[in-house]
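I set out to record, entry by entry, what I looked up in this structure. The notes follow the order in which I consulted it.

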Amino acid sequence: MNATTHPTPAELTITPRDRRFGREAATPRLWHGGRVEATAIYNALSTTFPRGEAFFVESVRAFRAGAPAKLAEEIKAFTTQEAIHSREHDAFNKRAELSGYDLRKLEAQVEKRLAVTRSKPPIVSLAATMALEHFTAILAHELLADPRHLQGADQETGDLWRWHAVEEIEHKGVAYDTWLHATRHWPRSKRWKVKAKVMLYVTRNFLVDRTAGALELMRQDGVTGFTAWARLLAYLWVQPGMFRKIAGAWLKFFLPGFHPWNEDDRALIRGYTDRQAGQQSGRKVRRAA
Ligand SMILES: [Fe+2]
Ligand SMILES: [Fe+2]
């Protein structure tokens, strides 16, 4: 570890928030402000979560034996959070299907990627999880830091994404710390090489698969060809430009002293918690009036 590394904060507690979204009413098909490309990319992401996050949990838990007590506790809380995320995104995906989308092609692609990784030694699955959890954490950070990403979104669905983002930030160190523990006897150079190689591999697949997935869903909305590409790429890379905006944070992963908590973004979690508390007391006051 070098001087610039900030490990997981000692006083951080990972708190599963067992919430349910969208059970009361149907979700509009184009829930993201009526925009085909915005709805498509978030739906494509959501399609990966139920299977993907179950895979993260299994990959991390395979290395929990012998973990220090604090890490063991964090793995437990991480498992609970991801299990609830899977449940909520599964429910969300079913609502997307009810509104007419066919997600089978996207799901099959997720299965295919996971099968390839599972066919390799368990440490590769842990490395892939650690890389994808960095991805999720920087997406979550950007989503919460800039409200424009969810501007115009259906309230309940926006809430689902904000809740998920908060918990991704909260547990962003778990897979990484498990990786550090599992590879503690490796030379630093080997650790870096595997980490970098796996990150490049999962990034390529992430970009290719999510783009293809979003284009497939746009096709189901009747938007195809050059128009579909142009609208999707503009949305992802220009305005609001989620992928462009996370590029810097993505690059930091390759720095020698990298740790997810070098970026202490707990203020985003506090902001969310405060807003939730404000909304709840607002509801109580209205009920009392
Ligand atoms: Fe998650
Ligand atoms: Fe996660």
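**Entry 1: the cavity**

I sorted the lining of the largest cavity by class and noted 24 nonpolar, seven polar and five charged residues. I was working from a predicted model throughout. The lining comprises 36 residues, and I noted Leu45, Thr48, Leu132, Phe206 and Arg210 as those nearest the centre of the cavity. For the volume of the largest cavity I recorded about 670 Å³. The count I obtained was one cavity of 30 Å³ or more.

Which helix gives the most to the lining of the largest cavity? I found that H1 does, with nine residues. I also listed the helices that each supply at least two residues of this lining: H1 (36–61), H3 (104–118), H4, H5, H7 (188–220), H8 (225–238) and H9 (242–245).

**Entry 2: the iron ion (ligand 1)**

I next looked up the protein donors of the iron ion (ligand 1). They are Glu53, which is listed with two OE entries, Glu82 (OE), His85 (ND1), His164 (NE2) and Glu168 (OE), at 1.9 to 2.8 Å from the ion. Along the sequence I read the spacing of these donor residues as E-x28-E-x2-H-x78-H-x3-E. The angles among the six donor atoms run from 52 to 167 degrees, and I entered the site of the iron ion (ligand 1) as irregular. I then placed two of the donors: histidine 85 is in helix H2 (residues 69–98) and glutamate 168 is in helix H5 (residues 155–170), so this pair links distant parts of the chain, 83 residues apart. Buried or exposed, I asked of histidine 85 and glutamate 168? Both are buried.

**Entry 3: the iron ion (ligand 2)**

For the iron ion (ligand 2) I listed Glu82 (OE), Glu133 (two OE entries), Glu168 (two OE entries) and His171 (NE2) as protein donors, lying 2.0 to 2.7 Å from the ion. The spacing of these donors along the chain is E-x50-E-x34-E-x2-H. Why is the arrangement around the iron ion (ligand 2) irregular? I noted that its six donor atoms subtend angles of 52 to 152 degrees, which makes it so; to count as octahedral, six donors would need opposite donors over 155 degrees apart.

I then checked what connects the two ions. Glutamate 82 bridges the iron ion (ligand 2) and the iron ion (ligand 1), and I recorded 3.8 Å between the ions. Because glutamate 82 lies in helix H2 and glutamate 168 in helix H5, the pair ties together parts that are 86 residues apart in sequence. I found both glutamate 82 and glutamate 168 to be buried.

**Entry 4: helix H4**

I compared the length of helix H4 (residues 122–145) with expectation. At 1.5 Å a residue its 24 residues should span 34 Å, and the end C-alpha atoms are 34 Å apart, which agrees. I also noted that H4 is mostly covered, with 19 of its 24 residues buried.

**Entry 5: loops**

In the loop between H8 and H9 I located proline 240. A cis peptide bond joins glutamine 239 to proline 240, with omega at about 0 degrees. For context I noted that most peptide bonds are trans.

In the loop between H1 and H2 I found alanine 65. Its relative accessibility is 70%, so I entered alanine 65 as exposed. Finally, I recorded 9.6 Å between the C-alpha atoms of alanine 65 and alanine 182, which are 117 residues apart along the chain.

Technical notes:
Residues are numbered from 1 along each chain as its sequence is written. Chains are lettered from A and ligands numbered from 1 in the order in which they are written. This is a predicted model: local features need pLDDT of at least 70, side-chain atom pairs count only at pLDDT 80 or more; totals for chains, interfaces and linings use all residues. Side-chain values use heavy atoms; hydrogens and water are left out. Helices (H or I, at least four residues) and strands (E, at least two) are DSSP runs, numbered from the N terminus. The expected span of a helix is 1.5 Å times one less than its number of residues. Buried means under 20% relative accessible area, exposed over 50%, partly exposed in between (1.4 Å probe, protein chains only). Donors are N, O and S atoms within 2.8 Å of the metal (3.2 Å for Na, K and Ca); water is not among the atoms, so sites may look incomplete. Four donors count as tetrahedral if all angles lie between 85 and 135 degrees; four count as square planar and six as octahedral if opposite donors are over 155 degrees apart and all others between 65 and 115; anything else is irregular. On a 1 Å grid over the protein atoms alone, a cavity is a set of points where a 1.4 Å probe fits but cannot get out, and a pocket is an open set with protein on both sides within 12 Å along at least five of seven lines; lining residues have an atom within 4 Å of a point. Grid points are joined across faces, edges and corners, and a volume is the space filled by probe spheres set on the points. Ala, Val, Leu, Ile, Met, Phe, Trp, Tyr, Cys and Pro count as nonpolar, Asp, Glu, Lys and Arg as charged, and the others, Gly among them, as polar.
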